[in-house]
Amino acid sequence: PLFRSRHRTRVSPHFAIPMAESESTANEPKSTAQFLIEGMTCSSCTKSIVSALNDVNGIEKAFVSLESASASIDYDPTIVEPEKIRQTIEECGFDARIVVETNSSREAKYDIDGMV
């Protein structure tokens, strides 16, 4: 089914996941983390990641792309950390690396092995 509850929705793996409004407020800091994901071969792979991320408290929006083997996750850093998001993706059976993490007060960049 596409709809899980009236506040959370499952969508195509190439679209954002709107989360419940009660999970965040306008005063909470917002962050975005970019991940590289290895091992996805089909839309079922992205759907399994979307489903798992849908269950993580603090994730506000997620975009998973099969074509670029990546994910962009908007989250509340007072509730969830990027490492927990990475672990959630890996629990689905895929290798994930944090590439970039940003919020209004800080920015972190991570090296990608093999890049020149």
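**Exercise 1. Place Ser70**

Where is the place of Ser70?

Solution. This is a predicted model, in which local features need pLDDT of at least 70, side-chain atom pairs count only at pLDDT 80 or more, and totals for chains, interfaces and linings use all residues. Residues are numbered from 1 along each chain as its sequence is written, and side-chain values use heavy atoms, with hydrogens and water left out.

Step 1. Ser70 sits in strand β3. Helices (H or I, at least four residues) and strands (E, at least two) are DSSP runs, numbered from the N terminus.

Step 2. Check burial. Buried means under 20% relative accessible area, exposed over 50%, and partly exposed in between (1.4 Å probe, protein chains only). Ser70 has 17% relative accessibility, so Ser70 counts as buried.

Step 3. List the neighbours. Contact means heavy atoms within 4.5 Å. Leaving out residues up to four places away in sequence, Ser70 touches Phe35, Leu36, Ile37, Met40, Phe63, Val64 and Ser65.

Step 4. Compare sequence and space. Ser70 and Ile37 are 33 residues apart along the chain, yet their C-alpha atoms are separated by 5.2 Å.

**Exercise 2. Sketch the whole chain**

State the order of helices and strands in the protein chain.

Solution. Start with the count: two helices and five strands. Along the sequence they follow the pattern β-α-β-β-α-β-β. Next, burial: 39% of the 116 residues of the protein chain count as buried. Last, contacts. Among those with a separation of 6 or more, 64% come from residues 24 or more positions apart.

**Exercise 3. Check helix α1**

Test whether the span of helix α1 agrees with its 12 residues.

Solution. Step 1. The expected span of a helix is 1.5 Å times one less than its number of residues.

Step 2. For the 12 residues of α1 (residues 43-54), the expected span is 16 Å. The end C-alpha atoms of α1 are 16 Å apart, so the two agree.

Step 3. Find the buried residues. In α1 they are Cys45, Thr46, Ile49, Val50, Ser51, Ala52, Leu53 and Asn54.

Step 4. Find the cover. It includes β1 (31-38), β2 (59-65), β3 (70-75) and α2 (82-91).

**Exercise 4. Look for a disulfide**

How many disulfides does a search of the whole structure find?

Solution. A disulfide is a pair of cysteine sulfur atoms within 2.5 Å. The search of the whole structure finds zero. Take Cys42. Its closest cysteine sulfur is in Cys45, 3.8 Å away, which is too far for a bond. Cys45 is likewise in no disulfide.

Now compare their surroundings. Cys42 is partly exposed, at 31% relative accessibility. Cys45 is buried, with a relative accessible area of 10%. Cys45 belongs to helix α1. Not counting residues up to four places away in sequence, Cys45 touches Gly39, Met40 and Phe94. Cys45 and Leu66 are 21 residues apart in sequence and 8.2 Å apart in space, C-alpha to C-alpha.

**Exercise 5. Describe the helix pair**

At what angle do α1 and α2 pack?

Solution. Step 1. Two packed helices are described by the angle between their axes and the distance between the axes. Axes are lines fitted to C-alpha atoms, for helices over the stretch in contact, and angles run from 0 to 180 degrees between N-to-C directions.

Step 2. The angle is about 135°, and the axes are 9 Å apart. The contact is made by Ile49, Ala52 and Leu53 of α1 and Ile85, Thr88 and Ile89 of α2.

Step 3. Angles under 35 degrees count as roughly parallel, over 145 as roughly antiparallel, 65 to 115 as roughly perpendicular and the rest as oblique. The two helices, α1 and α2, are therefore oblique to each other.

Step 4. Look closer at Ile85 in helix α2. Ile85 is buried, with a relative accessible area of 0%. Not counting residues up to four places away in sequence, Ile85 touches Phe35, Leu53, Ile59, Ile73, Tyr75 and Val80.

**Exercise 6. Examine Ala69**

Is Ala69 buried or partly exposed?

Solution. Ala69 lies in the loop between β2 and β3. Its relative accessible area is 26%, so Ala69 is partly exposed. Then check the backbone. Most residues other than glycine have a negative phi. Ala69 is not a glycine, yet its phi is positive, about 50°.
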